[in-house]
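Visitor: I would like a close look at a single part of this protein. Please take one residue and place it in its surroundings.

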Amino acid sequence: MRLLKRCNCRYTIDQSLKTCNSCNHSFKSAYPPKFSPHDKYAEYRRRMKQEAKNRGIL
Ligand SMILES: [Zn+2]
């Protein structure tokens with residue numbers, strides 16, 4: 001598992017660093033949360049199903 005962290009100006013693997021001494025921003029995980037298209041469209045599907053019920057399609 002990689003433990004790369006980043007601030008506004010650079011990357012680091014030093015886990016002891018909390019705040020960058022160059023740009024003054026806090027270090028955060030360099031990896032974005034896992035993208036899940038399934039979850040993204042779940043809400044959309046629920047609304048479409050409700051809409052279909054309201055119109056008497058289902
Ligand atoms: Zn920085």
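**Gln-15 and the sheet around it**

Guide: The contacts here are mostly not long-range ones in sequence: of those with a separation of 6 or more, residues 24 or more positions apart account for 12%. The model is a predicted one. Its secondary structure consists of three strands and one helix, and from the N terminus the elements follow the order β-β-β-α. Of the 58 residues, 3% are buried.

The residue chosen is Gln-15, which sits in the loop between strand S2 (11-12) and strand S3 (28-29). Is Gln-15 buried or exposed? Gln-15 has 9 other C-beta atoms within 10 Å, and a residue counts as exposed at 12 or fewer, so Gln-15 is exposed.

From the loop, one link leads back to the sheet: the C-alpha atoms of Gln-15 and Lys-5 are 7.8 Å apart, while the two residues are ten apart in sequence. Lys-5 has its bridge partner in S2, namely Thr-12. Strand S1 covers residues 5-6, and two bridges join S1 to S2 in an antiparallel run.

The sheet as a whole is open, with three strands in the order S2-S1-S3 and antiparallel pairing. S2 and S3 stand at the edges with a single partner strand each, so one side of each has no neighbour in the sheet. In general, the strands of a sheet pair through backbone hydrogen bonds, in either a parallel or an antiparallel way. The loop that holds Gln-15 thus lies between S2 and S3 in the chain, and these are the two edge strands of the sheet.

Note on methods: Residues are numbered from 1 along each chain as its sequence is written. This is a predicted model: local features need pLDDT of at least 70, side-chain atom pairs count only at pLDDT 80 or more; totals for chains, interfaces and linings use all residues. Helices (H or I, at least four residues) and strands (E, at least two) are DSSP runs, numbered from the N terminus. A residue is buried if 20 or more other C-beta atoms lie within 10 Å of its own, exposed if 12 or fewer, and partly exposed in between; C-beta atoms are placed from the backbone. Two residues are in contact if their C-beta atoms, placed from the backbone, lie within 7 Å. Two strands pair if DSSP finds at least two bridges between them.
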